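Q: I am new to this structure and would love a close look at one part of it. Could you walk me through a single helix, and then add a word on charged pairs?

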Amino acid sequence: QRRVHGSIRPSGFPHHFNRISPQMNSEIMCTQCRYLASKGSKATKNPKLVDAVKEELQMLEGEQLDREIAFPGNWAIQKLGAFVVMKQNPPNKAGTEVEVSFSVNQEPSDEYNMNEFDDEESADGADETEHQSRESRGEEDIEDGEGYPMSTAFPSNLTVSITRNGKVMFVEIELDSESGPKVMNISFQNHSESAPASTQNEEYEAYELDFANLSTSLQDAIVDYLSGVGLTDDYFANVQEWAAGYENSLFVSTLNELKHFDV
């Protein structure tokens, strides 16, 4: 290379070869534009997947599934993906912290698999076999919809921890679509300085009170205490509504991620 009038030009080329007419410059620019446009509009690698996701999203239009729902009260909400933690300091219980955690991931039921039969023909054959088996035992046929588990509330399981004076009470609660919240078991963990060393062992397992085995009066007293720290029927109803909206927002955002995953 050699320097010509302060600029570097390829050696061996006459000076007038480096002059480009306005018409040639315009043609070169158009060629560059077409090249860049073709680079930016490359074909989708997986059009079938993208189209299927778009169709799925179109089916949800108008339902506002990605909306944020405000939660009543003074609960602080931490969203860790599908895992949610709600915290509150009850105003009528000084020094007490209530924490409720749950997941909005939905687990399929193992009790009844709708895809158990490969096709309608095999399903009909299985139904006939079941009918004959019941008939031989003198039993009546199960009508459609009977004998299979009904859909449960969502989320179905919540873990409650109530901290007070260094001690933590854990309460496992199950939500039922018909009967509402149901206490399953209660256990304790001691975090105070006076706690036995054995409780700090990683292999330590806290004993759980089976709520169903307690007397009715004790069950009522526990439910009243939980209501007193804000865990009322209205609270659990609000949790179900909020969780459904949050899960729907994750559903839509995850579909969009799927749509752009392999393009």
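A: Here is a walk along one helix, followed by a short look at charged pairs. This is a predicted model, in which local features need pLDDT of at least 70, side-chain atom pairs count only at pLDDT 80 or more, and totals for chains, interfaces and linings use all residues. Residues are numbered from 1 along each chain as its sequence is written, and side-chain values use heavy atoms, with hydrogens and water left out.

Let's start with helix α4, which covers residues 216-228; helices (H or I, at least four residues) and strands (E, at least two) are DSSP runs, numbered from the N terminus. From its first C-alpha to its last, α4 with its 13 residues reaches 18 Å, close to the 18 Å expected at 1.5 Å a residue (the expected span is 1.5 Å times one less than the number of residues). Q219, I222 and L226 are the buried residues of α4, where buried means under 20% relative accessible area, exposed over 50% and partly exposed in between (1.4 Å probe, protein chains only). Seen down the axis, these buried residues fall within an arc of 65 degrees, so they line one face of α4; the arc is that of the directions from the helix axis to the C-beta atoms. On the other side of α4, T216, S217 and D224 are exposed. Just after α4 comes G230, with a positive phi of about 100 degrees.

Now for the charged pairs. A salt bridge is a side-chain nitrogen of Lys or Arg within 4 Å of a carboxyl oxygen of Asp or Glu, and by this rule the count is one. The partners are E99 and K87, whose closest N and O atoms are 3.7 Å apart.
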